[in-house]
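This briefing concerns the structure shown below. It takes up internal cavities, a sheet and a loop residue in turn.

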Amino acid sequence: MNKNTCKLLMATLLLVASPVHAKAQSLSPQRSWTADNGNGTFTNPLFYDEFSDPDILRVGDDYYLAGTTMHTVPGVNILHSKDLVNWEQWSYCFDRFDFPDPAFSLRDGKEVYGQGIWAPCIRWHKGKFYVFSNINGKGLQVYVADDARGPWKHINMKGRIYDLGVLFDDDDKIYAIHGYGEVKCVQLKDDLSEPIYETERTIIPEGTGVGEGHHVYKIDGWYYLISTDYAPNGRTLCSRSRSIWGPYETITITADETYGYHPAPMTRWQGRIVNDGHPFRIEPALTDATGCSNAHQGGIVSTPDGQWWALLMQDFHSIGRTVDLMPVTWKDGWPMVGLEGNLGRAPRTWTKPVQGQPLRAPYERNEDFNGPRLGRIWQWNHNPDDSEWQLTGGRLRLHALPASQLMWARNTLTQRVIGPESTTTVELRVGRLKDGDVAGLGNINVPCSWAGIVKDGKRLMLRCFQQVDNDTLDMPVQLKGDRIWLRFNGDFDNDRGRYAYSLDGKTFTDLGREMTLSYQLVTFQGSRMGLFAFNHKGRKGGYAEFDNFRVDEPKADRNRNIPYGKTIRIVNLATDKPMEATKHGVLYDTGADNQGLFTRFRLVDKGQGKVVLQCADGRYVMSAGWGLPGDVRMTTDADKAEVFMYQDFLDREFMLLSVRTHLYIGKSPTTGSPYSLDFKGADPGRRNGAVLRWEPVEE
């Protein structure tokens, strides 16, 4: 036995015999993403699917979250939680837009994509819930209920007030704050029939860097406005005053927290919903830019025991905008996002506000269509024609109505996609299609795409269509009976997707080429799976039937993402070099070919997501002083080991956040300095030296 082998054996025995043991994770596997890690911590985002413009409310020990639904119905999503981490979908404020305009129903060549209803404000006052929001062209709306589960009463207040915050003040007067740049306040009538127009005045003039999306609170006699701005990039602001009418002073409370996510590729084109064949351009993602991929618009809330939290939305690639839960630290009377020592940034993984609640996902995504009504996650693309769809015989039946293409197809039933990866599969029956009918599974976005069956005369054709370059792939198909299974494989963190099909529901074959998934500002939504049937020859056709809709999430179960019990190498994403605990006692990097003992580590479980980092030779990572380069050193004293909160970035990528200083360990990719404990967070490209990747070592 050579000396190196002997050293490695002794180090392994030392690790096993260490008084701080690695504990195995033994939680039940998760089928669908929930932020709850099952160990007393959570990992952002709260939802790995779209939930835009969140507004948060607490009543007693219950929390309510309202979010934008744009052109889809039912409209204005209301979620409920007991711990701010595990959420359940409770209701929508309305089943359909109750306006006769054809645009709300995709009729007469008119649409309200990216418009409809957006940026809601949820409030509770004297036993009633209120949701205020704008509907494009119809003005300010309010929905009122005794219970957040509904039913909701609709009042059209009119008036051009949008992206607003509402405050029921101590004297029962009701105020609405709105406007971009030039921020205005107006009092509302007690019966909420309309604003009191003569009370409106400017409370923050243009030129102060304040944006829109206002959330207003009265806390300890101060009026606080939480808002967001996008020029030149996203950030969250707070303005405060002793009077609702001002004057206000303003600071930034968070600006750069991206959790290592850059903006999605953006689609550029002329027009709105354009004909197939229209030119599109998908721009490359700006991988080092912040854009609006940082946490920005949203609100703040307190817990009964006095904690404060922010719930802010963040652009998550082609998924669209979703929600982060971020601790708030009050500093000199300001609600700063983040923890003491690192204000303005927030951990991706942190301790839950409330312990003891069961893990749950907000929705049941799978659907067999056997019940009397659709599951709560489903939404129609614009108002449906209720006479042209049914739940019958355990299937969803969609009648084919005239449409030139998918984005004009009425009665398209949609679900938000879920990341970071998911596979959507549906069984399609086409025996009752007629000439010119098209039915299948599609991505409701611009540019759109779909896979499905086209009936031309008596012939059935399997088609995959990508609008971005008008790419059409046709394949003659011989079905066994009248069934085919369609699938969409989405890698949404990397903005990639591809269709597939099966003739037996078991063996799937890729269909068409892999496509780039993007975001755009017409639908103002991310990727969205849709079940559709339309007739492209301009007449009413037959019908298609759908069954056994399934969404599989291979990365939902994160029980084993922290490599407890494993010997690992740690590679810095910025340098692509392994970490080494040098003989000299500092932490540095080394060549990729160095497989020595000092490049091998273990994460030792300290409970609730906390770990210490131990080298295979038995030494621990510690930090002295202020964590400057060279302060991160090695020690044989376990009591001096730095305790970190493991930040799960998925796919074996992670960060280590000191629970003592709230700063991250990292190494500059340019200066040549050793590791330090003074990084505030990840940059959008994950290349600033703070994001790491672990690799298993064969023992």
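**Internal cavities**

Across the whole structure, a search identifies eight cavities of 30 Å³ or more. The model is predicted, and every value below is computed from it. The points that follow describe one cavity, one sheet and one residue in a loop.

- The second largest cavity has a volume of about 120 Å³.
- Its lining comprises 15 residues, of which Asn 443, Pro 447, Met 515, Thr 516 and Leu 517 are the closest to the centre of the cavity.
- By residue class, the lining of this second largest cavity holds seven nonpolar and eight polar residues, and no charged ones.

**The four-stranded sheet**

- Four strands form an open sheet in the order E7-E8-E9-E10, and their pairing is antiparallel.
- The edge positions are taken by strand E7 (117-125) and strand E10 (153-158); each has a single partner strand, so one side of each is left without a neighbour in the sheet.
- From one strand to the next, the twist averages 20 degrees.
- Seven bridges join E7 to strand E8 (residues 128-135) in the antiparallel sense.
- Trp 124 lies opposite Phe 129 in E8.
- In general, strands of a sheet pair through backbone hydrogen bonds, in either a parallel or an antiparallel manner.

**Thr 412**

- Thr 412 belongs to the loop between strand E30 (401-402) and strand E31 (413-416).
- Thr 412 has a relative accessible area of 0% and is therefore buried, the cut-off for that term being under 20%.
- The side chain of Thr 412 reaches the backbone oxygen of Ala 409 at 3.0 Å.

Methods
Residues numbered from 1 in each chain as written. Predicted model: local features only at pLDDT ≥ 70, side-chain atom pairs only at ≥ 80, totals over all residues. Heavy atoms only, no water. 1 Å grid on protein atoms, 1.4 Å probe; cavity = no way out; pocket = protein on both sides within 12 Å on 5 of 7 lines; lining within 4 Å. Points joined across faces, edges and corners; volume = space filled by probe spheres on them. Nonpolar A, V, L, I, M, F, W, Y, C, P; charged D, E, K, R; others polar. Pairing = 2+ DSSP bridges. Helix = DSSP H or I, 4+ residues; strand = E, 2+ residues; numbered from the N terminus. Axes fitted to C-alpha atoms, helices over the stretch in contact; angles between N-to-C directions. Buried < 20%, exposed > 50% of the residue type's maximum accessible area, 1.4 Å probe, protein only. Polar contact = N/O pair within 3.5 Å; in protein donor to acceptor, adjacent residues only side chain to side chain.
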